[in-house]
Amino acid sequence: MVFDWPYTLSLLWSRDFWQATLTVVELSLASWAISVVLGFGVALARQSPAWLLRRTAATYIWFFRSLPLLVLLIFVYNFPQAFPSTGPLLSQPFVAGLIALVLSETAYIAEIHRGALVAIGKGQYEAGHVLGLSKLGLQRLIVIPQALRVALPALGNEYISIVKLTSLVSVISLAEILLVGQRYYTQNFKVMETMLAVAFYYVLVVTVFDSLLRRLERHLDFSSRKAALSDAEQPGVIDLRERRVQAGSPEPEIRLERGGKHFGEVEVFRDLDLAIPTGQVVSIIGPSGSGKTTLIRCLNGLETLDRGIVHLKGVPVLAGTQETATIPAGKQKRHLLEVGMVFQSFNLFPHRTVLENVMLGPIYHNRAPRPQVEAAARAILGQVGMLAHENKYPHQLSGGQQQRVAIARALAMEPSILLFDEPTSALDPETVGEVLRIIADLARSGRTMVIVTHEMKFALQVSDRIIFMEKGRIQFDGTPDALRDRPQHGDRLAEFARL
Ligand SMILES: Nc1ncnc2c1ncn2[C@@H]1O[C@H](COP(=O)(O)OP(=O)(O)OP(=O)(O)O)[C@@H](O)[C@H]1O
């Protein structure tokens, strides 16, 4: 047999093949784009706390992954036999092919998204929560950009699979590349020559889109961006120590009334009362597992209380799940913006620069026009000594620098109370000092602060009040001097504080 090269080459500018290639591109892109969006919804539903939603999503994924696409195509195309009213729509091979591909691909893509969503740490959601982002805002600004970057290589792969799967649509007579090839070789019997041209068109589509997806991947890959120092001028340096807050309000800045919390069998605390007056700096110390972190997480709604009420300046803002009082979500959110939080593990948004991290909250809440927010963010970054790093991404910073940015991010929301959850525990000993210096400056500024810490010396130096917690109970609540003056008879606190 002589291979007819001139015939194969002539197929490369065949109008029928180029038309079919356009159909394949349209069908595959539309199927992919729709499945990427719907798949995200199914992935979210798969993780939903609502049992029915979770089960429905899981059943959808199970069913459509089990069903061969060919069966689905024939079923959708012949659906009008049972429901004639769907005829005008589903008897069009392109529409029937699109629906079958979307039904099937949404199930696969949902699992890709789920993998990407799992890769986003709980800390990212918590950081979004303390900045007062709504569920939608959190998805749009924090989750989707990060999940997309994680999922993109697998989504690109799925696109290539879809391009190849479009060849199955030939069974419902859509004039795609394979069907055009079949029509040619059934007339001239030049199977090999025709199929070589068919292969060329598929490879062409895949190669073009693969290179476009790679470009998009590179564009979204913030980890490979250059770490450039900024030469921005410090706009109006404000010394943290000069920003004294008016103290002396009759109501405590924050108050927990009869707080109770347990995790399963473990009761963390019960009937706990705590009131922090405006301008007071309180350090909470105590052995591991005594409930310090859970306590401050309950103060800003990161953990739900079982019992008790949290009041901000006398207004109830959070109620335990077993309380009869309910507080509207909108009211909770508005008030909780007053409570800033700095986490042990920083929880900066890795896909945003230092400046963008600091600006995110005020921009989201429309606190001021963008140039004003930017100037304020730069001023705060200057205060924490991070202005030169404003254009860097979090992974390009040391732990201490990341924590200073996290403090700046919390300050940018102008909270009336700042909670610190072991802010130096994740740091190298060399960088602990730089973060403690910033916190000490803030403490001297008259801000209301609650610091959970294991840094005893630091707590004694900067705090107005020390609380020692053990087994969920407050065992000591007094000034640093009162703690130092305690008789040294080897009790638990003296032993813990090594006084
Ligand atoms: N999400 C959770 N699920 C189940 N148990 C939890 C959870 N978080 C905390 N606990 C438990 O609650 C208790 C108090 O933990 P918490 O983290 O508040 O203590 P801590 O005093 O801050 O400890 P550390 O100083 O080690 O951070 C511990 O027994 C802990 O195991």
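Which residues does alanine 408 touch, not counting residues up to four places away in sequence? In this predicted model, the partners of alanine 408 are Val358, Ile380, Leu381, Val384 and Met386. Two of these names, Val358 and Leu381, return in the description of the largest nonpolar core. That core holds 129 residues. Val358, Leu381 and Ala408 touch the most other members. Helix 6 (residues 93–119) supplies the largest share of the core, 12 residues. Domain 1 (5–220) and domain 2 (240–497) both contribute residues, so the core lies between them.

The domain assignment gives domain 1 (5–220) and domain 2 (240–497). Their centres, taken over C-alpha atoms, are separated by 47 Å. The contact between them takes 15 residues from domain 1 and 18 residues from domain 2. On the side of domain 1 that touches domain 2, the elements giving two or more residues are helix 7 (122–130) and helix 8 (135–165).

Helix 8 also packs against helix 6. The angle between the two is about 150 degrees, and their axes are 9 Å apart. Angles over 145 degrees count as roughly antiparallel, so helix 6 and helix 8 are roughly antiparallel to each other. The crossing is right-handed. Helix 6 brings Leu101, Glu105, Tyr108, Ile109, Ile112, His113, Ala116, Leu117 and Ala119 to this contact. Helix 8 meets them with residues including Val143, Ala147, Val150, Ala151 and Ala154. Leu155, Glu158, Ile162 and Leu165 are also among the helix 8 residues in the contact.

Helix 13 takes part in two further packings. Two packed helices are described by the angle between their axes and the distance between the axes. For helix 13 (residues 354–364) and helix 15 (residues 399–412), the angle is about 25 degrees and the axes are 8 Å apart. Angles under 35 degrees count as roughly parallel; helix 13 and helix 15 are therefore roughly parallel to each other. Their crossing is right-handed. On helix 13, the contact is made by Val354, Asn357, Val358, Met359, Gly361 and Pro362. On helix 15, it is made by Val405, Ala408, Arg409 and Ala412.

The second partner is helix 14 (370–383). The axes of helix 13 and helix 14 come within 9 Å and cross at roughly 125 degrees. That makes helix 13 oblique to helix 14. This crossing, too, is right-handed. Val354, Leu355, Val358, Met359, Pro362 and Ile363 of helix 13 meet Arg370, Val373, Glu374, Ala377, Ile380 and Leu381 of helix 14. Val358 thus faces helix 14 in this contact and helix 15 in the other.

Two residues in loops beside helix 13 have unusual backbone angles. Most residues other than glycine have a negative phi. Phenylalanine 346 has a positive phi of about 65 degrees, although it is not a glycine. Its place is in the loop between strand 6 (339–342) and helix 13. Asparagine 366 has a phi near 50 degrees, again a positive value in a residue other than glycine. This residue is found in the loop between helix 13 and helix 14. Are the two residues buried or exposed? Phenylalanine 346 is buried, with 24 other C-beta atoms within 10 Å. Asparagine 366 counts as exposed, with 9 C-beta neighbours inside 10 Å.

Alanine 410 and proline 415 extend the picture around helix 15. Alanine 410 lies in helix 15. It counts as buried, with 25 C-beta neighbours inside 10 Å. Not counting residues up to four places away in sequence, alanine 410 touches Gly340, Met341, Val342, Pro415 and Leu418. Lysine 190 is 220 residues from alanine 410 in sequence and 70 Å away in space, C-alpha to C-alpha.

Proline 415 sits in the loop between helix 15 and strand 7 (417–421). It also counts as buried, with 21 C-beta neighbours inside 10 Å. With residues up to four places away in sequence set aside, proline 415 touches Glu338, Val339, Gly340 and Ala410. Leucine 337 is 78 residues from proline 415 along the chain, yet their C-alpha atoms are separated by 6.7 Å. Gly340 is touched by proline 415 and by alanine 410.

Methods:
Residues numbered from 1 in each chain as written. Predicted model: local features only at pLDDT ≥ 70, side-chain atom pairs only at ≥ 80, totals over all residues. Core = buried A, V, L, I, M, F, W, Y, C linked by C-beta atoms within 7 Å. Buried ≥ 20, exposed ≤ 12 C-beta atoms within 10 Å, placed from the backbone. Helix = DSSP H or I, 4+ residues; strand = E, 2+ residues; numbered from the N terminus. Domains from an automatic or database assignment. Contact = placed C-beta atoms within 7 Å. Axes fitted to C-alpha atoms, helices over the stretch in contact; angles between N-to-C directions. Parallel < 35°, antiparallel > 145°, perpendicular 65-115°, else oblique. Left-handed = near helix turned anticlockwise from the far one by under 90°.
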